[in-house]
Structures are given as C-alpha cells and as structure tokens.
Amino acid sequence: MGQKGQIYFCEICRQKVEVAVEGFGVLVCCGQEMKPVGEKGMMATWTSAHPKPEGGVTYICNKCGQKILVVEETTGILECCGQRMQRE
C-alpha cells in the first residue's frame, strides 16, 4: 500500500511512479515489489534532481482503486492486487 505523494521505483527497469490515490494493493513491476524512495540514497538524490514531468501517464488498479502517476516510464509492467494496472 502506497501513501499519497510517495515515489516508488523498480530495481530492475528503473521505472518510477508517484502514488496519486492510496489503495490497499502492493505495487509490483517486473515481477517484484517496487521499493519506496527513501530520504537517503542514490534514488532519492536522482528523484529530487529530476522532477516529475507534467502531464505524465496515470495507471489505476481496478481492484483497490490505487492510482499512480508515472514519473519515468520504461518497459516494465505495473501490477497491483495481483493484476495488471490499467492505463487511464
């Protein structure tokens, strides 16, 4: 479950997303759970230096309603609640 405004990234494809609407599902990309960007570390530094682009792509989980905004899109497949998230 992500908190609104929290940024998550995939350790495999480096896709980054921001939670827009909270839900109870776990964010998954490339078959593994996405990691939150913490206060310290390389991903936190990179994310703060590269702000979110305006008008990005939005995905929603049809099961729990969690909605995410894609910060940096890659070829990774986004999942939540055991199913693919739908592009809005």
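**A friendly note on this predicted model**

1. Let's start at one residue, Arg84, which sits in strand E9, a strand covering residues 83–84. Please keep in mind as you read that this is a predicted model.

2. Is Arg84 buried or exposed? Arg84 counts as exposed, because its relative accessibility is 53% and the cut-off for exposed is over 50%. Leaving aside residues up to four places away in sequence, Arg84 touches Ile77, Leu78 and Glu79. Try finding Val28 as well: Val28 and Arg84 are 56 residues apart along the chain, and their C-alpha atoms are separated by 9.0 Å.

3. Now step back to the sheet. Strand E9 belongs to an open sheet of four strands, in the order E4-E3-E8-E9, with antiparallel pairing. Which strands form the edges? They are E4 (32–33) and E9, each of which pairs on one side only. As general background, strands of a sheet pair through backbone hydrogen bonds, either parallel or antiparallel.

4. Within that sheet, have a look at E3 and E8. Strand E3 (residues 28–29) pairs with strand E8 (residues 78–80) in the antiparallel sense, over two bridges. For Cys29, the bridge partner in E8 is Leu78. You have met Leu78 already, as one of the residues that Arg84 touches.

5. Here is the whole protein. It has one helix and ten strands, and from the N terminus on the elements run β-β-β-β-β-α-β-β-β-β-β. Of its 88 residues, 41% count as buried. The accessible surface comes to about 5200 Å², and carbon and sulfur atoms account for 50% of that surface. Among the contacts with a separation of 6 or more, 53% are between residues 24 or more positions apart.

6. What about the inside? The largest nonpolar core has 17 residues, and those with the most contacts inside it are Val17, Leu27, Met34, Tyr59, Ile68, Leu78 and Met85. The elements giving two or more residues to this core are strand E2 (16–21), strand E7 (67–72) and E8. In soluble globular proteins, nonpolar side chains tend to be buried together.

7. Tyr59 is a good residue to click on. Beyond residues up to four places away in sequence, Tyr59 touches Gln66, Lys67, Ile68, Val70, Glu73, Leu78, Met85, Gln86 and Arg87. Among these contacts, Ile68, Leu78 and Met85 are also listed with the most contacts inside the core.

8. Two residues deserve a second look for their backbone angles. Arg14 is not a glycine, yet it has a positive phi of about 70 degrees. Arg14 lies in the loop between strand E1 (7–9) and E2, and with 35% relative accessibility it counts as partly exposed. Cys30 is also a residue other than glycine with a positive phi, in this case near 55 degrees. Cys30 is found in the loop between E3 and E4, and it is partly exposed, with a relative accessible area of 33%.

9. Finally, how many disulfides are there? The count comes to zero. Cys30 is in no disulfide: the nearest cysteine sulfur is that of Cys13, 3.7 Å away. Cys81 is in no disulfide either, and its nearest cysteine sulfur, that of Cys64, is 3.8 Å away. Why do these pairs not count? A disulfide requires two cysteine sulfur atoms within 2.5 Å, so separations of 3.7 Å and 3.8 Å do not qualify.

Technical notes. Residues are numbered from 1 along each chain as its sequence is written. This is a predicted model: local features need pLDDT of at least 70, side-chain atom pairs count only at pLDDT 80 or more; totals for chains, interfaces and linings use all residues. Side-chain values use heavy atoms; hydrogens and water are left out. Buried means under 20% relative accessible area, exposed over 50%, partly exposed in between (1.4 Å probe, protein chains only). Contact means heavy atoms within 4.5 Å. Two strands pair if DSSP finds at least two bridges between them. Accessible areas come from the Shrake-Rupley method with a 1.4 Å probe; for residues, only the protein chains shown count as cover. A nonpolar core is a set of buried Ala, Val, Leu, Ile, Met, Phe, Trp, Tyr and Cys residues joined through side-chain atoms within 4.5 Å.
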